[in-house]
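Work through these exercises with the structure open beside you. Try each task before you read its solution.

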Amino acid sequence: MEEALQLIANGVVIGSVIAVAAVGLTLVFGVLRLINFAHGDFLTLGAFVAVVGTGFGLPLYVAAIPALLVGAAFAGGLEKVLWGPLRRRGASTVNLLIISIGLALVVRYTIFWIFGSGVYRYGPVSQRIDFGLFALTPQDVVIIVGSAAALVGVALMLQKTRIGKAMRALSDNRDLAEASGIDVERITMITWLIAGVLTAYGGIMLGLQGRVFANMGWFLLLLIFAGVILGGIGSAYGAMIGSMIIGITQELATHSAIGLPSDLKTGVAFLALIVVLLVRPQGIMGRKQAL
Amino acid sequence: MIPYVEGVILTAGIFALLAQGLNLHWGFTGLLNFGHVAFFAVGAYTMGILNTQLGVPLLPSFLAAMVAATLMGIIVGLPAIRLRTDYLAIVTITIGEIFRLVLKSAPGVTELTRGPRGIRGFSNEFYFFRTDIGLGFLSPDQYLLLIVWITVAVVGVLLWVLIKSPWGRVLKGIREDEDAVRALGKNVTAYKMQSFALGAAIAGLAGVYFAMDIGSLAPDTYLPIITFQAWTIMMLGGSASHWGPIVGSIIFWAIFNGTLFIPREIISGAEAAYLRQIGIGALIMAIMIFRPQGILGSREEMILDK
């Protein structure tokens, strides 16, 4: 039992990271119908910009600021020069998907080229604090609190602000949103900027959990997809729930009563993804017509 | 220079075969398969395990590799093939990764695959065999190169005949408009499965040759990058073109291996490896943006808005 609680706590930590990343991915999908295979590498980019900052001796919360800005600028810039023009030319979903795979390789290996294949850290990982039922490092606590804050922020934005409402309208029906006077191009750009900030933020959270390395986002990408699809693609709330389930499931899979080697735990999460797609492809929170 | 040319032609042949399978899936049937490397790995591992662990002679283990890849195609296809294209992409890439993890560390499986340590010692018999058939004057690489390209030719003709046949026309119909084909009373899922299984078998055979070329089997050879390379080759040459995978593969590997000529003083080996991957990514983007039909493909064959 004690072991299970500890594993669940670990699962919540990684689930929080996945959730932040997954919300960014699903917002972009909802508004643009783009399945972005480069999303994982956008995370890595954010994490590495922060590494440069901490390398200059800045504390992480200061180094995070340029990382979030670069994340937004990068996402917005790509919308400007790549996705926007392609969309106006009528490129298909599949076309865009394949382009995002090419983009993923370019971003990831440019990071490899600049930073090499080594492992970076934001600072030494502190001793675990014993909370009685489980123990977490202070970094883990920051991840959980920081992710929860970001997710609540996104939820409030979607529910309360005009932009959030416009994003939801766009996600429901692009043509109808356009007909009812929503400036589709502007909302699309704003979605990218928000997703860019969230993704860089998620990358820093991922780095805070342990190590920063060039493959980190790519290794997380399929888990992010799993969280998004489990929750229902296009649904931000679904992505949060789905990511938590994925995080906890993969940690619990290593429980000694199950005895799976930890190398295989991501395999279990992947399997969950496939099962969901077969049994309930619209996910937990998704609607059937989104398919 | 000669080893460079031989190396390019050999690798190009193996990947042309891999891309021919993918071309059947995507080019002719419209199936967005991003887990192609799994079929490549199944073929290689089936041959390796049968030959080294169970002592099965080489030729039967080659055939078994193709059968195993076909079965894998059916196993992956049964659940996945009804999904919409982008979901199919996610599921297939995920299955490819699950398969690699299982080969690497699943309890029970690693007794056969030897986990990360991998399998060796299956290629000697294959290379010794060349003296028995009077080809002893060829180097091992030349001998493999010959066999690979004969296979590419045979598969190319086979696919050409199949795609010309009524069966192939149904596949193209599915690619263009699945619902229309269904309305004509065709069992779309069955046709897709057949395409998937046959393409997988071709990839399985490519996997066997690849294993012969590098002489060992290790799970982490079979990363998704292999799938992306096959995609680049297919799209570069032109999807839905019979010569596409061949032309694409030769050009791709000539450029890829060409980085070997860059002096080490200018960029190190590791940097060259990173630059190659950046190049693959940039090539994928450039083709899709500027010439989605590839070098040899025709625009009419490309479905741009599906």
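A residue is called buried when its relative accessible area is under 20%, exposed when it is over 50%, and partly exposed in between. Keep that in mind, and note that this is a predicted model.

**Exercise 1. Classify A:I18 as buried or exposed, and list its contacts.**

Step 1: locate the residue. A:I18 sits in helix α1 of chain A, residues 2-32.

Step 2: apply the cut-off. The relative accessible area of A:I18 is 0%, so A:I18 is buried.

Step 3: list the partners, leaving aside neighbours within four places in sequence. A:I18 is in contact with A:L220, A:L223, A:I224, A:S243 and A:I246.

Step 4: compare sequence and space. A:I18 and A:M205 are 187 residues apart in sequence, and their C-alpha atoms are 9.4 Å apart.

**Exercise 2. Find which helix holds A:L206, and what A:L206 touches.**

Step 1: find the helix. A:L206 belongs to α8 of chain A, which covers residues 184-208.

Step 2: check the burial. A:L206 has 9% relative accessibility, so it counts as buried.

Step 3: name the contacts, again without residues up to four places away. A:L206 touches A:I14, A:V17, A:R211, A:M216 and A:L220.

Step 4: take one distance. From A:L206 to A:G217 is 11 residues in sequence and 8.4 Å between C-alpha atoms.

Step 5: look back at Exercise 1. A:L220 is in contact with A:I18, and A:L220 also touches A:L206.

**Exercise 3. Describe the overall build of chain A.**

Step 1: count the elements. Chain A has 11 helices and 2 strands.

Step 2: read their order. The pattern along the sequence is α-α-α-α-β-β-α-α-α-α-α-α-α.

Step 3: judge the compactness. The radius of gyration of chain A is 19 Å, close to the 19 Å that the globule rule gives for 291 residues, so chain A is as compact as a globular protein of that length.

Step 4: add the box. Along the principal axes, the C-alpha atoms of chain A fill roughly 55 × 45 × 35 Å.

Step 5: add burial and contacts. Of the 291 residues in chain A, 57% are buried. Among contacts in chain A with a separation of 6 or more, 74% join residues 24 or more positions apart.

**Exercise 4. Do the same for chain B: how many helices and strands does it have?**

Step 1: count. Chain B has 13 helices and 2 strands.

Step 2: judge the compactness. Chain B has a radius of gyration of 19 Å, close to the 19 Å from the globule rule for 306 residues, so chain B is as compact as a globular protein of that length.

Step 3: add the burial. In chain B, 58% of the 306 residues count as buried.

Step 4: turn to the surface. Chain B exposes about 12200 Å², and carbon and sulfur atoms supply 68% of that area.

Step 5: place the charges. Chain B carries 20 positive and 18 negative side chains, with the centres of the two sets 4 Å apart.

**Exercise 5. Take two transmembrane regions that UniProt places in chain A, and find how far apart their ends are.**

Step 1: consult the record. The unreviewed UniProt entry places transmembrane regions in chain A at several stretches, including residues 12-35 and 42-75.

Step 2: examine residues 12-35 of chain A. This stretch is 88% helix and 0% strand, and its end C-alpha atoms are 25 Å apart.

Step 3: examine residues 42-75 of chain A. This stretch is also 88% helix and 0% strand. Its end C-alpha atoms are 8 Å apart.

**Exercise 6. Locate two residues of chain B with positive phi, and state how accessible each one is.**

Step 1: take B:R114. Its phi is about 55°, although B:R114 is not a glycine. B:R114 lies in the loop between α5 (109-113) and β1 (119-120) of chain B.

Step 2: apply the cut-offs. B:R114 has a relative accessible area of 35%, so it is partly exposed.

Step 3: take B:A240. Its phi is near 65°, a positive value in a residue other than glycine. The loop between α11 (224-237) and α12 (244-258) of chain B holds B:A240.

Step 4: apply the cut-offs again. B:A240 is at 10% relative accessibility, so it counts as buried.

How values were computed
Residues are numbered from 1 along each chain as its sequence is written. Chains are lettered from A and ligands numbered from 1 in the order in which they are written. This is a predicted model: local features need pLDDT of at least 70, side-chain atom pairs count only at pLDDT 80 or more; totals for chains, interfaces and linings use all residues. Side-chain values use heavy atoms; hydrogens and water are left out. Helices (H or I, at least four residues) and strands (E, at least two) are DSSP runs, numbered from the N terminus. The radius of gyration is taken over C-alpha atoms; the globule rule is 2.2 Å times the number of residues to the power 0.38. Buried means under 20% relative accessible area, exposed over 50%, partly exposed in between (1.4 Å probe, protein chains only). Contact means heavy atoms within 4.5 Å. UniProt positions are given in the numbering used here, feature names are shortened, and annotations may be inferred rather than shown by experiment. Accessible areas come from the Shrake-Rupley method with a 1.4 Å probe; for residues, only the protein chains shown count as cover. Lys and Arg count as positive and Asp and Glu as negative; His and the chain ends are not counted. The place of a charge is taken as NZ of Lys, CZ of Arg, CG of Asp or CD of Glu.
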